[in-house]
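Could you take me around this protein in the viewer, one selection at a time? I would like to know what to pick next and what is there.

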Amino acid sequence: MDLTSNTPAQSAAPLKVAVILGSNREGRFGPVVADWFLGRAAEHPDIETELIDVAETEPPAAPATRISPRLAGADAFVVLTPEYNHSYPAPLKNLIDRHFSEWQAKPVAFVSYGGISGGLRAVEHLRQVFAELHAVSVRDTVSFHNAGALFDDRGRHRDPAQADGAAKRMLDQLVWWGRALRDARNRHPYGA
C-alpha cells in the first residue's frame, strides 16, 4: 500500500491547525482574542484547533522537544500576535526560531491586535520571517484596532459582525491552502 498517495478521505480530513498565542506579558490581552478566535474556528467544519501558548513554551516550562511534535503535527498555523514597538513579541520570535522544518510548506494565517494599527506592522514582519522558513502566509488577516475597547468585561466582542466575517474569510483561505499543501506534501515531501 502506498501511504504517500492521497485518498479522498485524506484530502477531506479536517486540517489540524495550531493556534499560537504569541504574547507572555503579565496582564496580556491575548487570551481574550484567543478565546474569541477559537470560538469562530470551532464553527468551521474543516478544521481542528490546538492552542499553543508561548507563555507555556518558554524554557524551562516546556522544552522544544515537547513543542516540536505539536508544531510538526499541524497542517496549518494561526498566529495571534500583539504589536510591541512596531513588531511582534520576543517570545514568539523565540518559538519560531527554535524550529525550522515544522513550518515548511504549510500555511500561516494571522490574527493581530493592538492600538491604532491593530498589530498590522507585527504581521508584516511575521510574513517575512515565515517566508524565510518556507511557509506560505495567507493573504487575509483579522486585526483588532484599539482591541481593549472592542470586547466587554466577559471577553465578548461588542459588535462582532465585521470581525466574524474577516475570520471566516481568513479560515476559508487557510483551509484551501492547508489542503493543497497537505496533499502536495503527502504526494512529494517538501525538499525531497
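## Starting in the core

Begin with Phe 37, Val 78, Leu 80, Val 111 and Phe 144: in this predicted model, these are the residues with the most contacts inside the largest nonpolar core, which has 28 residues. Next, colour the elements that give two or more residues to this core: strand 1, helix 2, strand 3, strand 4, strand 6 and helix 7. Helix 7 gives the most, with seven residues. Apart from this core lies another one, of 23 residues, and Phe 110, Val 129, Phe 130 and Ala 135 are among them. As background, nonpolar side chains in soluble globular proteins tend to be buried together.

## Helix 2

Now select residues 30-42, which make up helix 2. This helix has 13 residues and reaches 18 Å from its first C-alpha to its last, close to the 18 Å expected at 1.5 Å a residue. Show the side chains of Val 33, Ala 34, Trp 36, Phe 37 and Ala 41, then add Gly 30, and you have the buried residues of the helix. Look down the axis of helix 2: the buried residues fall within an arc of 165°, so they line one face. In general, an α-helix has 3.6 residues a turn, so residues three or four places apart point the same way.

Turn to the face of helix 2 that points away from its buried side, and you will find the exposed residues Asp 35 and Ala 42. To see what covers the buried residues of helix 2, bring back its surroundings, including strand 1 (15-21), strand 2 (47-53), strand 3 (76-82) and strand 4 (107-114). Strand 6 (142-145) and helix 7 (161-187) are also part of that cover.

## Aromatic rings

Keep Trp 36 on screen and add Phe 29, Tyr 113, Phe 144 and Phe 151; together they form one aromatic cluster. The count for the model comes to eight aromatic pairs. Zoom in on Phe 144 and Phe 151: their ring centres are 5.4 Å apart and their planes are at 65°, so this pair is edge-to-face. Both of these residues are buried.

What does Phe 144 touch, not counting residues up to four places away in sequence? Its contacts include Val 33 and Trp 36, then Val 111, Ser 112, Tyr 113, Gly 114 and Gly 115, as well as Leu 150, Phe 151, His 157 and Ala 163.

For another view of a ring, select Tyr 84 and Arg 25. Arg 25 lies over the face of Tyr 84, at 3.6 Å from the ring centre.

## Three stops in the loops

Go to Ser 117, in the loop between strand 4 and helix 5 (120-132). Is Ser 117 buried or exposed? Its relative accessible area is 15%, so Ser 117 is buried. Leaving out residues up to four places away in sequence, Ser 117 touches Glu 83 and His 145.

The last two stops concern backbone angles. Most residues other than glycine have a negative phi. Ala 105 has a positive phi of about 55° although it is not a glycine, and it lies in the loop between helix 4 (90-97) and strand 4. Its relative accessibility is 7%, so Ala 105 counts as buried.

Finish at Asn 146, in the loop between strand 6 and helix 6 (147-150). Asn 146 is not a glycine either, and its phi is positive, at about 50°. With 45% relative accessibility, Asn 146 counts as partly exposed.

Key:
Residues numbered from 1 in each chain as written. Predicted model: local features only at pLDDT ≥ 70, side-chain atom pairs only at ≥ 80, totals over all residues. Heavy atoms only, no water. Helix = DSSP H or I, 4+ residues; strand = E, 2+ residues; numbered from the N terminus. Expected span 1.5 Å × (residues − 1). Buried < 20%, exposed > 50% of the residue type's maximum accessible area, 1.4 Å probe, protein only. Arc of directions from axis to C-beta. Contact = heavy atoms within 4.5 Å. Phe/Tyr/Trp six-rings, centres within 6.5 Å; stacked < 30°, edge-to-face > 60°. Lys NZ or Arg CZ within 6 Å of the ring centre and 35° of its normal. Core = buried A, V, L, I, M, F, W, Y, C linked by side-chain atoms within 4.5 Å.
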